[in-house]
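Okay, thanks for coming, everyone. I've got one structure to walk through today, so let me put it up on the screen.

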Amino acid sequence: MSSPNDKSARASGAVARRLARGFDGARGWWRGVSARRLAENGPLPDHFLHRFEPIRAGWPERAERMAEGIFHAEGVSVKALDADPWAQSPPGELWAEALHGFGWLNDFRAVDGAPARAAARRIVETWLQRASSWDAVGWRPAVLGDRVASWILHGALLTENAEMVYRSAVFRNLAAQARFLRRALRDERVPARRVRAAIGLATAGLGLESHGELYADGLAHLEEALDLALLPDGGPVSRNPGEALDLLEKLIQLRANLLTARREIPPALVDAIQRMTPILRLYRQADGGLGLFNGAREESDGRMDRVLAASGVNSPAPPRAIESGFQRLARGRTAILFDTGAPPRGPASAEAHGGTLAIEIGVGRRRMVVNCGSGAHMDPQWDIACRGAAAHSTLCLDEASPVTFSPGENEHKRLIVSGPSRMENERRDESEGSWALGGHDGYLDRFGYLHYRRLFLAADGADLRGEDTLLRPDDSRHVSRREKIPFVIRFHLHPEVESELDPERRFALLALPSGDAWVMRQLGGRLEIEDSVYIGRAAAPRPTRQIAVYAEARGPSSQVKWSFRRALEGGASPRDFTPVDMRWAADPSEEALALPPPPFRG
């Protein structure tokens with residue numbers, strides 16, 4: 001039950017948020033006035049200086065649906081009256097940002113032809129009528145940068161042989177947007193979003209007649225923003241693989257535009273692309289998409305392949321990215337992504353998750369063990385649930401997460417305000433296999449325990465062994481008053497993986513669509529198979545299953561050993577898997593699950 005003080009604090013917080021929204025509205029009105037004044041006073045271009053080519057492939061089917069008035073973004077389809085998506089309230093902020101960013105012009109570019117051009121121009125014209133002077137979402141610096149870059153990239157689609165009044169309106173408003181972006185860029189506090197705004201400004205300077213001065217400003221802002229957005233190893237400070245893919249794609253597009261304009265490629269841009277490409281390879285899952293960490297989505301439609309090819313960087317994925325805090329164990333047909341990094345803080349943590357020491361396992365071209373994914377496109381309750389430890393394939397102590405989010409139960413983009421400060425991250429590769437160690441202190445202050453996870457993947461990729469250890473340090477300040485604290489180790493399964501629990505709960509059987517069959521065993525807890533959800537894309541959650549190992553932390557140290565071992569490799573139907581003939585599957589002994597001696601301390 002809440003105390004009166006709690007209620008008073010919540011009421012004060014609600015008032016403060018309403019006042020903040022009021023100030024934002026006033027600031028938005030002022031910006032709208034400024035944008036109109038810029039449109040009146042600045043130079044007016046009448047043509048694009050270059051014809052740029054997109055590196056990203058479009059989807060003709062999506063363009064056809066938009067021409068019919070059906071707009072799909074962030075898992076939501078909206079049927080717009082008169083094909084005018086701006087005339088109604090958007091279903092969510094992410095949906096609105098996607099539409100106002102105009103990246104979907106790429107889909108119309110893939111179709112081209114008179115009908116596609118007419119449909120695209122009709123949507124742009126309605127935007128000019130309804131949102132060109134001001135829109136709270138559409139004029140955010142990052143969204144504005146995306147839109148400016150997209151309009152210039154697809155300039156011929158929008159203006160070639162167009163009616164003069166419409167054509168003049170496009171150029172007049174685009175110039176106003178670019179000049180306003182120059183002023184508004186520093187308002188963006190999130191590093192990656194500031195990179196997007198800077199790319200838009202630089203693109204405006206490249207592509208718009210009479211606006212060349214914006215190019216130098218854009219590059220200066222871009223260099224500064226990249227220093228803030230990227231870690232030394234090339235990973236994003238948000239630790240979001242999806243953000244890494246998006247930024248790298250935009251940087252490569254800017255480089256392509258510079259080559260078309262016959263401009264020198266800035267060293268900062270070259271360096272960023274060279275550092276980011278290997279890290280993106282590290283994030284790659286078995287099916288060619290991304291691992292689901294910190295808000296990333298699958299992206300398994302070939303986008304990864306195109307971006308990596310367009311980068312021109314052939315450096316392989318590093319086995320370990322120390323600053324980014326990820327490891328990749330790849331042996332045989334098995335690849336494991338292991339999160340051994342501290343969650344970010346500040347503005348970069350708005351989409352970050354609390355799945356410290358989570359793993360994902362891919363076999364061949366199939367995902368087997370996954371994290372639940374991102375609920376950012378859904379309501380705030382889904383969003384925060386997907387960000388907690390329970391939605392990840394890791395240990396969860398007393399159903400708590402190792403991070404704490406800022407308050408605001410009904411608000412998106414809650415920041416991480418506390419979490420692990422001390423991390424362990426070790427790695428060794430030998431002829432017999434790969435070892436990895438991760439550890440964190442995210443549960444220390446609340447429960448008095450450190451969490452360590454140790455992995456071993458055999459050289460043939462057919463045998464993965466793990467240990468999860470809760471260790472109480474020799475420090476009386478961190479001793480919990482509770483004698484026993486429950487914990488659970490979860491392994492969420494991809495929806496295409498069939499699972500079955502041995503009647504005696506000694507092991508679980510996993511069957512992949514490829515024909516591979518695996519056995520999961522554990523020692524130290526109680527084995528269960530339970531319901532779960534999977535949100536690999538911006539769509540509704542898909543039902544799936546999870547393997548859960550329940551145990552209790554007591555005394556100075558508690559440990560659960562577990563393993564995944566391949567029992568059948570392709571060729572046969574998963575239903576032909578008969579573990580009765582494989583007596584090792586039911587062997588609960590410690591020797592059967594023991595890791596080989598580690599080549600590092602721990």
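I'll go from the whole chain down to a helix pair and then a strand pair.

First thing to keep in mind: this is a predicted model. The chain runs to 602 residues, and 56% of them count as buried. In terms of secondary structure, we've got 16 helices and 21 strands. The accessible surface comes to about 25300 Å², and carbon and sulfur atoms account for 50% of that. For those of you who like contact maps: take the contacts between residues at least 6 apart in sequence, and 71% of them join residues at least 24 apart.

Okay, helices. Two packed helices are described by the angle between their axes and the distance between the axes. So look at α11, residues 241-260, and α13, residues 303-311: their axes sit 10 Å apart, at an angle of about 45°. That angle makes α11 oblique to α13, because it falls outside the parallel, antiparallel and perpendicular ranges. And which hand does the crossing of α11 and α13 have? Left-handed.

Who's touching whom there? On the α11 side you have Leu245, Asp246, Leu248, Glu249, Ile252 and Arg255, and they meet Arg303, Met304, Val307, Ala310 and Ser311 of α13.

Last stop, the strands. β11 covers residues 423-430 and β12 covers 433-440, and the two pair in the antiparallel sense, over eight bridges. How many residues does the hairpin use to join β11 to β12? Two. If you want a spot to zoom in on, find arginine 427, which stands opposite alanine 436 in β12.

That's my tour, over to you.

Technical notes
Residues are numbered from 1 along each chain as its sequence is written. This is a predicted model: local features need pLDDT of at least 70, side-chain atom pairs count only at pLDDT 80 or more; totals for chains, interfaces and linings use all residues. Side-chain values use heavy atoms; hydrogens and water are left out. Two strands pair if DSSP finds at least two bridges between them. Helices (H or I, at least four residues) and strands (E, at least two) are DSSP runs, numbered from the N terminus. Buried means under 20% relative accessible area, exposed over 50%, partly exposed in between (1.4 Å probe, protein chains only). Contact means heavy atoms within 4.5 Å. Accessible areas come from the Shrake-Rupley method with a 1.4 Å probe; for residues, only the protein chains shown count as cover. Axes are lines fitted to C-alpha atoms, for helices over the stretch in contact, and angles run from 0 to 180 degrees between N-to-C directions. Angles under 35 degrees count as roughly parallel, over 145 as roughly antiparallel, 65 to 115 as roughly perpendicular and the rest as oblique. A crossing is left-handed if the near helix is turned anticlockwise from the far one by less than a right angle, and right-handed if clockwise.
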